[in-house]
Structure formats: C-alpha cells, structure tokens
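Please look through the model shown here before reading on. The paragraphs that follow lead from one idea about exposure to the fold, and then to the surface.

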Amino acid sequence: MEKTLNFSDNVSSASIDLKSLKRGPIMFALIVGMFVAVLNKTLMGNALPELMKAFDISAATVQWLSTAYMLVIGVLIPVTAILQ
C-alpha cells in the first residue's frame, strides 16, 4: 500500500529559522547571477550582426533564434536549481 504525502507533513517537518539565515551570500549570488545574465544578453546583441553576415541569415531569423535561446535558458536555470 502506498503512502501519500501531504503538503502539511512536509511543512511541519522542515522549518527554517529565517533569523539565522545568512543573507550576504544569497545577495552576492543573486547580484552575480544578474550581472552574468545582462552580460550574456549584451554580448549576444553585439555579436548578432557579425553572426548574420557569417551565416548569411536575415534579422527575422536572428530574432527567432535569440528568443528561442532565451526561452531555453529561462527554463533550464530553474530546472538545474531543482536538480541540485
């Protein structure tokens, strides 16, 4: 017979004391993550004209590829956080 898990079981067994939580490393990780995301998008934007010339593709194709790239990154980042 299978045992079902209730949300209330998980909450009561795993409580977190927010006062003892170190906020400095969390803020540092968030700031570094935001910087890398902005840097990534900036570098990609600057490289697009050269990539368009090198691969002989139109601006519409580059827009679709850029949107698909950001969509995949936006999905994979939370998934990798869950897998850790």
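A residue is called exposed when its relative accessible area is over 50%, buried when that value is under 20%, and partly exposed in between. The coordinates to which this scale is applied come from a predicted model. D56 has a relative accessibility of 73%, and therefore counts as exposed. This residue sits in the loop between α2 and α3, and its backbone deserves a look as well, since its phi is near 55°, a positive value in a residue other than glycine.

With that loop located, the overall fold can be laid out. The protein contains three helices and zero strands, so that, read from the N terminus on, its elements follow the order α-α-α. Helix α1 covers residues 7–13 and α2 covers residues 23–55, while α3 takes in residues 59–83.

How are α2 and α3 arranged with respect to each other? The two helices pack at an angle of about 150°, and their axes lie 11 Å apart. An angle over 145 degrees counts as roughly antiparallel, and α2 and α3 are therefore roughly antiparallel to each other. The crossing in which α2 passes α3 is right-handed.

The same scale of burial can be applied to the whole chain. Of the 84 residues in the protein, buried residues make up 4%. The protein exposes about 7800 Å², and carbon and sulfur atoms supply 71% of that area.

Part of the surface is a nonpolar patch formed by I16, L18, L21, I26, M27, L30 and I31, which together have about 710 Å² of accessible area. One of these residues, L18, is found in the loop between α1 and α2. Is L18 buried or exposed? Its relative accessible area is 53%, and because the cut-off for exposure is over 50%, L18 is exposed.

A charged contact can be found elsewhere in α2, where E50 and K53 both lie, three residues apart, or about one turn of the helix. Their side chains meet in a salt bridge, with a distance of 4.0 Å from N to O, and both residues are exposed. For the model, the count of salt bridges comes to one.

How values were computed: Residues are numbered from 1 along each chain as its sequence is written. This is a predicted model: local features need pLDDT of at least 70, side-chain atom pairs count only at pLDDT 80 or more; totals for chains, interfaces and linings use all residues. Side-chain values use heavy atoms; hydrogens and water are left out. Patches are made of residues with over 30% relative accessible area and no salt bridge: like charges are joined within 9 Å, nonpolar side chains (Val, Leu, Ile, Met, Phe, Trp, Tyr) within 5 Å. Accessible areas come from the Shrake-Rupley method with a 1.4 Å probe; for residues, only the protein chains shown count as cover. Helices (H or I, at least four residues) and strands (E, at least two) are DSSP runs, numbered from the N terminus. Buried means under 20% relative accessible area, exposed over 50%, partly exposed in between (1.4 Å probe, protein chains only). Axes are lines fitted to C-alpha atoms, for helices over the stretch in contact, and angles run from 0 to 180 degrees between N-to-C directions. Angles under 35 degrees count as roughly parallel, over 145 as roughly antiparallel, 65 to 115 as roughly perpendicular and the rest as oblique. A crossing is left-handed if the near helix is turned anticlockwise from the far one by less than a right angle, and right-handed if clockwise.
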